[in-house]
Number of protein chains: 2
Amino acid sequence: MALIVQKYGGTSVANIERIQSVARRVVERRKAGDSLVVVLSARAGETDRLLALAREMSPDPDPRELDVLLATGEQITIALFSMAVKELGAEAVSMTGYQAGIITDHHHGEARISWIETIPVMERLNEGKIVVVAGFQGYDDEGNITTLGRGGSDTSAVALAAALGAEVCEIYTDVEGVFTTDPNLYSKARKLERISFEEMLEMASMGAKVLHLRSVEFGMKYNVPIMVLSSFTDAPGTLVTKEDEEMEKVVVSGITYNRNEARITLTDVPDMPGMAARLFQPLSDEDVNVDLIVQGRGSVPGKANISFTVPQKDYDKTMRVAERVGREIGAGRIHSNPNISKISLIGLGMRSHSGVASKMFTTLANENINIKMISTSEIKISVIVDEKYTELAVRVLHDAFQLDKPPNERIRIQEEF
Amino acid sequence: MALIVQKYGGTSVANIERIQSVARRVVERRKAGDSLVVVLSARAGETDRLLALAREMSPDPDPRELDVLLATGEQITIALFSMAVKELGAEAVSMTGYQAGIITDHHHGEARISWIETIPVMERLNEGKIVVVAGFQGYDDEGNITTLGRGGSDTSAVALAAALGAEVCEIYTDVEGVFTTDPNLYSKARKLERISFEEMLEMASMGAKVLHLRSVEFGMKYNVPIMVLSSFTDAPGTLVTKEDEEMEKVVVSGITYNRNEARITLTDVPDMPGMAARLFQPLSDEDVNVDLIVQGRGSVPGKANISFTVPQKDYDKTMRVAERVGREIGAGRIHSNPNISKISLIGLGMRSHSGVASKMFTTLANENINIKMISTSEIKISVIVDEKYTELAVRVLHDAFQLDKPPNERIRIQEEF
């Protein structure tokens with residue numbers, strides 16, 4: 001008898017019928033012998049509905065009270081779901097974040113789980129009950145309700161799995177797993193059987209929305225295997241797990257894209273120590289998350305051009321800061337482009353295989369797609385291109401790296417070069 | 001600086017505008033110097049909406065999970081209200097039943113408050129904050145969420161006022177106070193300035209829906225004055241308080257009616273010890289709350305007729321029990337009437353004034369209203385009449401006892417007889 005933590009997202013519990021359908025699935029699994037902790041999100045649309053209510057009350061709602069408000073979304077789901085399970089003749093008990101002992105720091109709206117008091121959940125599991133936990137929420141050491149931020153239910157589930165020593169954390173969602181790229185964008189996208197935590201981290205932070213970034217970090221830190229699968233089919237999902245030899249042989253595991261960034265360039269910045277800090281510190285102070293930064297030579301010696309990307313939603317704010325700082329430090333012009341896209345190749349095998357970057361650049365060049373910025377890490381290469389080339393870039397790269405084929409059927413890159 | 005507990009019902013916080021309006025009222029009061037604990041209900045309609053969701057899931061939803069579900073209604077209100085207060089520049093902090101230390105027994109859906117851990121609320125009051133508490137909810141000693149039943153927010157407020165030693169508990173509602181009778185039924189109804197706990201208890205249990213019965217019991221037990229007033233006007237309300245000499249002089253304080261009862265009569269029940277128990281024990285076992293019981297002589301010696309009233313919703317269930325027991329004990333026929341109404345006169349002065357009953361019967365007889373059952377207590381006389389006479393009976397009794405006039409302007413009953 002294994003202990004399994006399952007998480008179902010908002011679309012999986014969007015209405016009465018879907019909650020009942022998930023309840024049937026869970027009860028069957030329980031009858032097969034597994035101990036189950038089920039972590040649930042708010043019904044699809046509920047969080048947005050509550051946010052809209054808060055915004056009617058205040059353009060900038062108090063963060064503590066916003067968490068009190070939002071936490072009701074999951075509380076409704078766990079109550080309805082537990083009723084559905086009992087209606088099927090099985091035993092269930094719902095637990096809010098507080099009741100399930102999920103303790104966080106004080107950061108309302110973006111709280112991080114600091115530890116989990118597992119006794120309450122363990123006790124109810126030992127009674128043979130299906131324990132139904134409200135995802136996305138916890139409480140701080142002063143007893144205030146906190147929430148973990150968008151997608152936080154994934155983190156609740158993986159953290160519970162880690163704390164309870166569960167065999168696996170199953171994340172049920174509206175897709176069948178992790179794909180080589182977004183299947184909505186390219187129909188040749190192939191579902192991955194397995195992927196390493198590190199690759200999944202890069203995929204999540206690069207824009208793949210299958211898993212919440214912090215849940216992957218938790219899984220990696222505590223080595224909790226995460227299975228991503230669909231709540232609407234019985235298709236096998238994707239296992240996110242620690243890397244092994246087989247994985248390392250795969251050069252490119254997936255391609256992600258992100259259309260929600262904007263690029264800003266300051267030209268002819270005096271090339272002196274401290275200039276970067278004078279620009280990026282005020283952006284950090286305004287909570288702007290700068291992504292790529294590239295510094296190159298300016299038009300005259302002693303001057304440099306600095307390009308960087310920020311989330312599109314922070315574009316106006318960033319432009320105001322850039323214009324102010326540009327004047328203060330005597331920079332040249334400011335160029336900006338809010339219509340860019342970031343395309344990233346991700347794969348553990350890049351560590352040991354050369355030639356990935358040049359194949360990527362050649363492939364894009366063959367389609368006359370101009371690369372505006374490049375950034376690389378050990379297992380990732382990202383390029384910035386015009387937004388209009390997003391689909392084309394993803395497709396030609398997917399073809400070039402043969403991602404539609406299983407890894408063992410691909411022609412190895414080295415052999416081509 | 002006084003400590004005041006205020007409670008606002010569902011209609012007072014039904015939407016954003018009303019929540020803002022109540023918040024303005026509360027902030028003004030705080031600025032005037034009082035310490036404030038504000039107890040809120042769910043927005044009007046919210047509890048019914050949640051109940052409907054639960055009923056979609058199960059015809060008989062699990063009581064524990066139903067409480068988890070319903071408790072979200074008040075949690076939403078306290079969060080929105082606290083945001084509104086902060087938007088007005090004052091300090092507020094919301095507290096769920098759990099956070100406010102409201103501890104109850106285990107009776108989900110009808111829990112009784114066993115004690116209140118006041119330290120969390122006191123601490124926040126001492127910080128100068130307006131403490132905004134979710135009414136209607138608490139938690140049991142195992143940490144389960146409980147609810148207090150319909151109207152339970154009144155009880156939350158009065159219990160908090162008692163535990164905190166508040167000067168008064170103000171119950172804001174959609175009427176201006178307690179009236180001599182339902183103003184919707186008779187426009188001559190007069191608002192009472194003061195009424196005793198005991199009279200209010202009778203009024204509440206007889207169908208006046210201004211205050212929740214248990215909140216009055218709490219007020220009486222701990223001697224917390226309760227002020228009933230409107231959240232929509234600045235009109236003075238009705239003070240419910242312990243009785244004094246002035247109150248005792250008032251013969252009749254109010255008239256209530258209840259159309260939601262049904263009458264059942266078993267004829268020719270063998271007049272032997274234990275017969276009543278054989279009928280009423282099975283009803284009690286089925287949670288049917290029998291109200292009036294009258295036993296009289298049957299058609300032959302040694303037989304008795306037993307009439308009783310039950311809530312209309314329990315009519316079918318009661319008939320099944322009555323028919324079964326009737327056969328078992330060899331009773332005669334069963335007569336029933338689901339269309340009856342109970343009219344009650346209530347007043348402390350009845351204790352010392354005779355003539356109230358006969359004046360009541362005469363008044364009704366003059367209108368050819370047939371009395372089907374009579375029940376009296378120290379400060380109350382109730383009669384059962386045909387439902388169609390409800391309005392007429394209330395109006396003629398209201399006139400006969402001059403309830404439209406202040407007590408000191410009424411002609412005393414003794415002088416008439």
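Through which surface do the copies meet, the same or a different one? In this predicted model, 100% of the interface residues of chain A turn out to be interface residues in chain B as well, so the copies meet through the same surface.

The arrangement of the copies fits that picture. In general, two copies of a chain are related by a rotation about an axis plus a shift along it. Here, a turn of 180 degrees and a shift of 0.1 Å along the axis lay chain A on chain B with an RMSD of 0.1 Å. That is the relation of a two-fold axis. Within chain A, the C-alpha nearest the axis belongs to A:T72, at 2.6 Å from it.

As for the interface itself, 25 residues of chain A are in contact with 25 residues of chain B. On the chain A side, the elements giving two or more residues are α2 (46–57) and α3 (63–87). The largest share, 14 residues, comes from α3(A). Sorted by class, this side of chain A has 13 nonpolar residues, along with seven polar and five charged ones.

Another part of chain A to look at is helix α7, which spans residues 213–222. Its buried residues are A:R214, A:S215, A:V216, A:F218, A:G219 and A:M220. So what covers them? The cover over the buried residues of α7(A) includes two helices of chain A, α5 (152–164) and α6 (197–205), together with the strands β9 (168–173), β11 (226–230) and β12 (238–241). Just after α7(A) comes A:N223, which takes a positive phi of about 50 degrees.

Notes: Residues are numbered from 1 along each chain as its sequence is written. Chains are lettered from A and ligands numbered from 1 in the order in which they are written. This is a predicted model: local features need pLDDT of at least 70, side-chain atom pairs count only at pLDDT 80 or more; totals for chains, interfaces and linings use all residues. Two residues are in contact if their C-beta atoms, placed from the backbone, lie within 7 Å. Helices (H or I, at least four residues) and strands (E, at least two) are DSSP runs, numbered from the N terminus. Ala, Val, Leu, Ile, Met, Phe, Trp, Tyr, Cys and Pro count as nonpolar, Asp, Glu, Lys and Arg as charged, and the others, Gly among them, as polar. A residue is buried if 20 or more other C-beta atoms lie within 10 Å of its own, exposed if 12 or fewer, and partly exposed in between; C-beta atoms are placed from the backbone. Copies are superposed by least squares on the C-alpha atoms of residues with pLDDT of at least 70 in both.
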